[in-house]
Amino acid sequence: MRRARIGVIGGSGLYRMEGLTDVSEIGIKTPFGAPSDAFLMGRLGEVEVAFLARHGRSHSLLPHEIPYRANTHAFKQLGVEYLISVSAVGSLAEDIRPLDLVLPRQFLDLTKQRSSTFFGGGAVAHVSMADPVCAQLEQTMADAATEVASNDVQVHRGGTYVCIEGPAFSTRAESHWYRSMNASVIGMTNMPEAKLAREAEIAYATLALVTDWDCWHPHQACVTAELAIANLQQNATRAQQVVSATVRRLAKLWPESLAHRALDSALVTPPSAIPETTRRRLGVLLARFDTSAQGNALAK
């Protein structure tokens with residue numbers, strides 16, 4: 001099976017990767033079910049990349065129906081160490097305009113129906129989410145975004161992405177509430193995606209494509225699916241360019257991320273005490289641990 005150190009997960013409006021060569025489709029089975037779609041494996045220049053359409057290539061999955069655990073586990077199976085999340089968002093701030101690009105550093109998780117951990121069944125781990133975005137990956141993406149952004153599009157670094165359950169958009173009261181939390185953008189998909197990436201020891205960062213003003217703005221049209229998709233189509237080319245530039249820059253650096261060893265301080269259950277069925281389910285995640293050791297295992 002082909003392997004890639006860089007993964008890209010495309011949200012609404014980004015259902016394929018332009019510029020990939022030597023492309024093949026790979027269907028992957030995971031202990032957590034099937035991913036959203038088949039993976040597209042290909043090369044950007046000389047770099048292997050694994051691409052997945054988060055909602056499926058025909059956009060057939062609601063946000064809460066996305067198999068987040070299967071998607072992340074499959075990226076791990078493919079050898080992915082850096083995951084670039086491309087996501088459509090609404091703006092909650094006056095200075096963040098439709099068609100701008102945002103690289104959020106924090107998340108507020110207001111989802112309700114989603115499994116947010118690989119662990120359980122006799123295996124306990126508590127990963128740190130104080131800084132959910134990999135600083136090295138975010139810096140690389142920021143440099144790439146600045147490289148390709150036009151003069152009329154701003155790149156905003158930092159801020160908070162509030163993730164709601166959906167699929168309905170916010171009420172006005174909710175939108176004003178999110179603004180009172182100092183949230184910058186609003187979306188429906190980056191949680192529990194970021195949490196699962198951390199458990200899988202994959203560096204994670206988001207390229208957020210602003211499509212609308214949500215519904216808080218007194219002088220702008222409220223978000224609709226039609227409006228969001230129209231703006232996404234304008235942003236799609238720029239998103240592809242940012243991803244390509246990020247991949248090119250990553251391949252020169254391969255930066256070490258704190259996420260790559262997140263389980264060192266998170267795994268509570270001694271691997272040797274984890275039930276066999278759970279150990280098999282978590283095998284890809286725990287592969288670098290000595291499962292015969294007692295206590296918090298030393299990494300191989």
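Where is Pro192 found? Pro192 is found in helix 4, and the peptide bond that leads into Pro192 from Met191 is cis, with omega near 10°. The model is predicted. The points below cover helix 4 and its partner helix 1, then strand 1, the aromatic contacts and the backbone details.

**Helix 4**

- Nine of the ten residues of helix 4 (190-199) are buried, so helix 4 is largely enclosed by the rest of the structure.
- Those buried residues are Asn190, Met191, Pro192, Glu193, Ala194, Leu196, Ala197, Arg198 and Glu199; both residues of the cis bond, Met191 and Pro192, are thus in the list.
- The buried residues of helix 4 pack against several elements, including helix 1, strand 1 and strand 5.
- Strand 7 (106-110), strand 9 (160-164) and strand 11 (203-212) also pack against the buried residues of helix 4.
- After helix 4 comes Glu201, which has a positive phi near 60°.

**Helix 1 and its packing on helix 4**

- Helix 1 (residues 68-77) is likewise largely enclosed by the rest of the structure, because nine of its ten residues are buried.
- Its buried residues are Tyr68, Ala70, Asn71, Thr72, His73, Ala74, Phe75, Lys76 and Gln77.
- The cover over these residues includes strand 1, strand 3, strand 4 and strand 5, as well as helix 4 and helix 6 (276-281).
- The axes of helix 1 and helix 4 are 9 Å apart and make an angle of about 35°, and the crossing is right-handed.
- On the helix 1 side, the contact is made by Tyr68, Arg69 and Thr72; on the helix 4 side, it is made by Met191, Pro192, Glu193, Leu196 and Ala197.
- Helix 1 is followed by Gly79, with a positive phi near 90°.

**Strand 1**

- Strand 1 (residues 6-10) has five of its five residues buried, so it is largely enclosed by the rest of the structure.
- Ile6, Val8 and Gly10 point one way from the strand, Gly7 and Ile9 point the other way, and all are buried.
- Strand 1 runs parallel to strand 4 (residues 47-53), to which five bridges join it.
- Strand 1 also pairs with strand 5 (residues 82-91) over five bridges, in the parallel sense.
- Gly7 stands opposite Ala50 in strand 4 and opposite Leu83 in strand 5.

**Aromatic pairs and clusters**

- Seven aromatic pairs are found in a search of the whole structure.
- In one of them, the ring centres of Phe39 and Phe75 are 5.0 Å apart and the planes are at 85°, so the pair is edge-to-face.
- This pair links distant parts of the chain, 36 residues apart: Phe39 is in strand 3 (residues 39-44) and Phe75 is in helix 1.
- Phe39 is buried, with a relative accessible area of 0%, and Phe75 counts as buried at 1% relative accessibility.
- Trp213 and Trp216 make an edge-to-face pair, because their planes are at 80°, with the ring centres 6.0 Å apart.
- Both of these tryptophans, Trp213 and Trp216, are buried.
- Phe107, Tyr161 and Tyr204 form one aromatic cluster.

**Arginines over rings**

- Arg179 lies over the face of Trp216, at 3.7 Å from the ring centre; Trp216 is also a member of the edge-to-face pair with Trp213.
- Arg5 lies over the face of Trp254, at 4.0 Å from the ring centre.

**Backbone details in loops**

- A cis peptide bond joins Gly166 to Pro167, with omega near 0°.
- Pro167 lies in the loop between strand 9 and helix 3 (172-180).
- His59 is a residue other than glycine with a positive phi, near 50°, and is found in the loop between strand 4 and helix 1.
- The relative accessible area of His59 is 34%, so His59 is partly exposed.
- Asn182 is not a glycine either, yet has a positive phi of about 65°; Asn182 lies in the loop between helix 3 and strand 10 (185-187).
- Asn182 counts as exposed because its relative accessibility is 64%.

Note on methods
Residues are numbered from 1 along each chain as its sequence is written. This is a predicted model: local features need pLDDT of at least 70, side-chain atom pairs count only at pLDDT 80 or more; totals for chains, interfaces and linings use all residues. Side-chain values use heavy atoms; hydrogens and water are left out. Rings of Phe, Tyr and Trp (its six-membered ring) pair if their centres lie within 6.5 Å; planes under 30 degrees apart count as stacked, over 60 as edge-to-face and the rest as tilted. Helices (H or I, at least four residues) and strands (E, at least two) are DSSP runs, numbered from the N terminus. Buried means under 20% relative accessible area, exposed over 50%, partly exposed in between (1.4 Å probe, protein chains only). A charge sits over a ring if NZ of Lys or CZ of Arg is within 6 Å of the ring centre and within 35 degrees of the ring normal. Two strands pair if DSSP finds at least two bridges between them. Contact means heavy atoms within 4.5 Å. Axes are lines fitted to C-alpha atoms, for helices over the stretch in contact, and angles run from 0 to 180 degrees between N-to-C directions. A crossing is left-handed if the near helix is turned anticlockwise from the far one by less than a right angle, and right-handed if clockwise.
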